[in-house]
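Here is a short, friendly tour of one protein chain. Have the sequence and the 3D view open as you read.

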Amino acid sequence: MYQTLLVGHSFMRWLVLLSLLYAIFIAYKGYSQKLSFTKKDNLLRHWTATIAHIQLLLGILVYLQSPIVKYFWRNYKEEFQNLDASFFGLIHIVLMLVAIIIITIGSALAKRKLSDQQKFKTMLVWFSVALIIIFIAIPWPFSPFANRPYFR
């Protein structure tokens, strides 16, 4: 089960990144060109947050099953010095939770804004901040924190 969850979590990362990048692009375009915030834009806002929440649920399941995380918490005094173990045991989940909270707040605030420009600007700012945090927290093959392949 763990391996299946890990593959699903790895695959969903790309959906999260693509949806965030597209939402940020649309928000920038809408804000800079003073476009109307359409039903399609609202659906994009909603589905971007939903995809991120699905990824969070998968991530929590992976976290609870992970042998690295279990080992880290059993030996956290010693393993806190091990960057790979502390990345997955603590850093990754904390940063991702913060990013999902930022996406959720940004989505909720954008939904409640009165003007179309405010909606686009809110999405643009909050989703961009979340994307930066997510980029830092993903274990890319080139990451100095923990290295994992692009696809599992």
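The paragraphs below go from the overall fold to one helix pair and then to a patch on the surface.

Please keep in mind that this is a predicted model. The chain has six helices and zero strands, and reading along the sequence gives the pattern α-α-α-α-α-α. Along its principal axes, the C-alpha trace spans about 55 × 30 × 25 Å.

What does the record say about the membrane? An unreviewed UniProt entry carries the annotation "transmembrane region" for residues 12–31, 43–65, 85–110 and 122–142. Two of these annotated stretches are set out here with their computed helix and strand content.

| Residues | Helix | Strand | Distance between end C-alpha atoms |
|---|---|---|---|
| 43–65 | 100% | 0% | 33 Å |
| 122–142 | 76% | 0% | 31 Å |

Now to the helix pair. At what angle do helix 5 and helix 6 pack? Helix 5 (residues 83–112) and helix 6 (residues 116–137) meet at an angle of about 175 degrees, and their axes lie 8 Å apart. Angles over 145 degrees count as roughly antiparallel, so helix 5 is roughly antiparallel to helix 6. Sorted by class, the residues in the contact between helix 5 and helix 6 are 19 nonpolar, four polar and two charged.

These two helices come up again on the surface. Leu83, Ile91, Ile132, Ile136 and Phe145 make up a nonpolar patch there, and together they have about 410 Å² of accessible area. Helix 5 and helix 6 are the elements that give two or more residues to this patch. Ile91, one of the patch residues, is found in helix 5.

Conventions:
Residues are numbered from 1 along each chain as its sequence is written. This is a predicted model: local features need pLDDT of at least 70, side-chain atom pairs count only at pLDDT 80 or more; totals for chains, interfaces and linings use all residues. Side-chain values use heavy atoms; hydrogens and water are left out. Axes are lines fitted to C-alpha atoms, for helices over the stretch in contact, and angles run from 0 to 180 degrees between N-to-C directions. Helices (H or I, at least four residues) and strands (E, at least two) are DSSP runs, numbered from the N terminus. Angles under 35 degrees count as roughly parallel, over 145 as roughly antiparallel, 65 to 115 as roughly perpendicular and the rest as oblique. Ala, Val, Leu, Ile, Met, Phe, Trp, Tyr, Cys and Pro count as nonpolar, Asp, Glu, Lys and Arg as charged, and the others, Gly among them, as polar. UniProt positions are given in the numbering used here, feature names are shortened, and annotations may be inferred rather than shown by experiment. Patches are made of residues with over 30% relative accessible area and no salt bridge: like charges are joined within 9 Å, nonpolar side chains (Val, Leu, Ile, Met, Phe, Trp, Tyr) within 5 Å. Accessible areas come from the Shrake-Rupley method with a 1.4 Å probe; for residues, only the protein chains shown count as cover. A salt bridge is a side-chain nitrogen of Lys or Arg within 4 Å of a carboxyl oxygen of Asp or Glu.
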